[in-house]
Amino acid sequence: MHFETPLEFLESRTYDEINVGDSSSLVRTLRPEDVKLFALMSGDMNPALANADFSHSGVFQDFIAHGMWCASLLSTMLGTQFPGPGTVMVESSLHFARPVAIGDTLTVTVTVGQKFARNRHILLDCNCHNQDQLLVVSGSAEVLAPREKIITKRKAMPEITISDKYARLQTLVSRAEGLAPIDMAVVHPCDRESLKGALLAAEARLIDPILIGPEQRIRAVAEENGLDLKDYRIVNCKHSHESAAMAVTLIRSGDAEALMKGSLHTDELMAEVISSRSGLRTGRRISHVFLMDVPTYPRPIMITDAAINIAPTLMEKVDIVQNAIDLAHIIGTPEPKVAILSAVETVSDKIQSTLDAAALCKMADRGQIRGGLVDGPLAFDNAVSLVAAKTKGIVSAVAGRADILVVPDLESGNMIAKQLEYLANALSAGIVLGASVPIVLTSRADTSETRIASCVIAALMAHAARAKQAST
């Protein structure tokens with residue numbers, strides 16, 4: 001007799017109920033999460049499990065399964081399915097015929113070969129085939145069968161979210177694959193993280209850095225931290241104010257096509273950027289976007305503005321929204337869903353952000369904001385959760401699916417972004433929009449990974465600008 005996989009209940013087969021020739025099968029598909037979880041549980045980070053290019057492809061991206069993961073499926077079969085709860089493994093012998101790659105579907109089958117009445121042991125023949133019917137694992141297992149019948153309700157397994165920030169960073173970096181590095185003026189990289197981030201972005205072929213600041217200090221930071229400056233250009237400036245002014249000059253002269261903030265204050269850099277006489281202004285309001293990859297959200301999400309505009313007016317919010325929509329187009333979202341946030345989802349004359357949200361939605365209807373679906377006011381929960389939106393009876397193409405979160409003011413936006421980064425392990429990128437070139441604007445406390453992620457966005461923006469200029 002062949003026993004099927006139980007659904008609601010786990011039921012054991014006692015020694016007396018089992019006959020020679022009885023069998024059962026279990027089907028599983030190997031997912032990337034399975035490899036990661038097994039490695040974390042066992043501590044086995046064996047690089048032989050990856051292909052020859054594993055070091056360049058991101059952790060686990062091309063990994064095959066641990067052999068003992070396949071063996072664990074046999075254990076699952078014996079303990080939960082056949083013979084089932086109460087089964088005790090006595091001995092096993094397995095031969096591993098071929099590797100299992102991510103995406104392979106395995107069918108594990110056990111068949112009763114012998115029964116031993118003296119000790120109530122059962123010898124099972126075991127084999128595992130992949131979706132191409134090729135043998136993956138074969139062998140045998142001797143078990144002590146359950147003495148008593150056990151029927152128990154199957155318990156729901158806990159949900160596990162794997163937060164692999166490095167893998168998410170590699171996925172983001174791959175979006176710029178094949179694009180030539182852009183010339184980037186790195187302003188005052190005089191601490192470890194700002195210099196390391198620029199050099200790592202250069203090694204990833206995202207940027208060709210121009211290091212602007214006190215040369216001796218930059219070289220001292222590199223030497224103290226084992227960083228190789230290679231032949232990267234260094235423009236010697238006495239202090240951070242001069243570095244910021246020099247970076248803007250290089251942009252205006254065409255010697256660089258993007259800026260990256262180093263270890264100076266944001267105000268110092270932005271004062272030069274917004275200068276009416278020698279800055280990098282365009283007809284648009286300058287604004288900032290955090291692009292965040294949150295493990296618990298199904299898509300990257302933008303938060304704007306959380307770094308430049310403290311308390312933007314309605315018309316300033318128009319530019320903030322349009323800047324974010326334009327960036328969404330560049331990174332591959334053709335019609336981004338824009339949620340205008342407030343504390344509530346109904347319009348109230350007592351809450352200015354709800355009035356602004358209503359006006360922005362009508363302006364989008366009238367074509368004053370283009371390229372995205374705009375809805376609001378929406379509270380944070382119903383902007384990102386379909387369940388929350390449905391519970392509150394909100395019918396919207398944006399609610400629960402937002403690509404862009406437009407916050408009422410800098411304080412609320414900064415809190416949301418920092419909470420996601422520090423409490424939800426979000427991968428964050430920070431970029432300034434609305435200037436004549438992309439500006440990587442990160443906190444002095446940000447890691448090199450955040451700086452690399454930001455450079456990816458800057459590179460995509462710079463190449464989009466090149467393409468637009470070539471077509472006109």
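Helices α5 (192–203) and α14 (residues 448–471) are oblique to each other, because their axes meet at about 45°; an angle counts as oblique if it is neither under 35 degrees (roughly parallel), nor over 145 (roughly antiparallel), nor 65 to 115 (roughly perpendicular). The two axes are 8 Å apart, and α5 passes α14 in a right-handed crossing. Here an axis is a line fitted to C-alpha atoms, for helices over the stretch in contact, and angles run from 0 to 180 degrees between N-to-C directions. A crossing is right-handed if the near helix is turned clockwise from the far one by less than a right angle, and left-handed if anticlockwise. On the α5 side, E193, S194, K196, G197, L200 and A201 take part, and they meet S448, R451, I452 and C455 of α14; contact means heavy atoms within 4.5 Å. By class, this interface has 4 nonpolar, 3 polar and 3 charged residues. Nonpolar covers Ala, Val, Leu, Ile, Met, Phe, Trp, Tyr, Cys and Pro, charged covers Asp, Glu, Lys and Arg, and the others, Gly among them, are polar.

This is a predicted model, in which local features need pLDDT of at least 70 and side-chain atom pairs count only at pLDDT 80 or more, while totals for chains, interfaces and linings use all residues. Residues are numbered from 1 along each chain as its sequence is written, and side-chain values use heavy atoms, with hydrogens and water left out.

**Confidence**

The mean pLDDT (the predictor's confidence in each residue, from 0 to 100) of the protein is 88, and 94% of the residues score at least 70. Strand β17 (residues 404–406) has the highest mean of the elements, at 98, and helix α2 (residues 54–57) the lowest, at 36. Over residues 50–62 the pLDDT stays under 50, and the model has 20 contacts there beyond four places in sequence. Where pLDDT is low, the predicted coordinates should not be read in detail. Helices (H or I, at least four residues) and strands (E, at least two) are DSSP runs, numbered from the N terminus.

**The open sheet and its helices**

An open sheet of 11 strands with mixed pairing runs in the order β11-β10-β9-β12-β19-β18-β13-β14-β17-β15-β16. Its edges are β11 (233–236) and β16 (373–378); each has a single partner strand, so one side of each has no neighbour in the sheet. Helix α5 also packs on this sheet, where it touches β9 (182–187), β10 (207–213) and β12 (258–261), with its direction at about 155° to that of β10. Helix α8 packs on the sheet as well, against β9, β12, β18 (427–433) and β19 (439–440), and its direction makes about 160° with that of β12.

Three strand pairings are listed below; two strands pair if DSSP finds at least two bridges between them.

| Strands | Sense | Bridges | Facing residues |
|---|---|---|---|
| β13 (287–293) and β14 (301–304) | antiparallel | 3 bridges | L291 and M302 |
| β4 and β7 (135–144) | antiparallel | 8 bridges | S93 and S140 |
| β6 (121–129) and β7 | antiparallel | 9 bridges | D125 and S140 |

**Other helix pairs**

Helices α7 (residues 240–252) and α8 (residues 266–273) cross at roughly 35°, and their axes come within 9 Å. The crossing is right-handed. It brings S240, H241, A244, A245 and V248 of α7 against E268, L269, E272 and V273 of α8, a set of 5 nonpolar, 2 polar and 2 charged residues.

Helix α9 (residues 314–330) packs on helix α10 (residues 352–365) at about 55°, with the axes 10 Å apart, which makes α9 oblique to α10. This crossing is right-handed. The contact consists of L314, M315, K317 and V318 from α9 with D356, A359, L360 and M363 from α10; 6 of these residues are nonpolar, none polar and 2 charged.

**Backbone exceptions**

Most residues other than glycine have a negative phi, and most peptide bonds are trans. The bond joining F82 and P83 is cis, with omega about 0°; P83 is in the loop between α3 (67–80) and β4 (88–96). Another cis bond runs from T304 to D305, with omega near -5°, and D305 belongs to the loop between β14 and α9. H188, not a glycine, has a positive phi of about 60° and sits in the loop between β9 and α5. In the hairpin of β6 and β7, with 5 residues between the strands, Q133 takes a positive phi near 65°.
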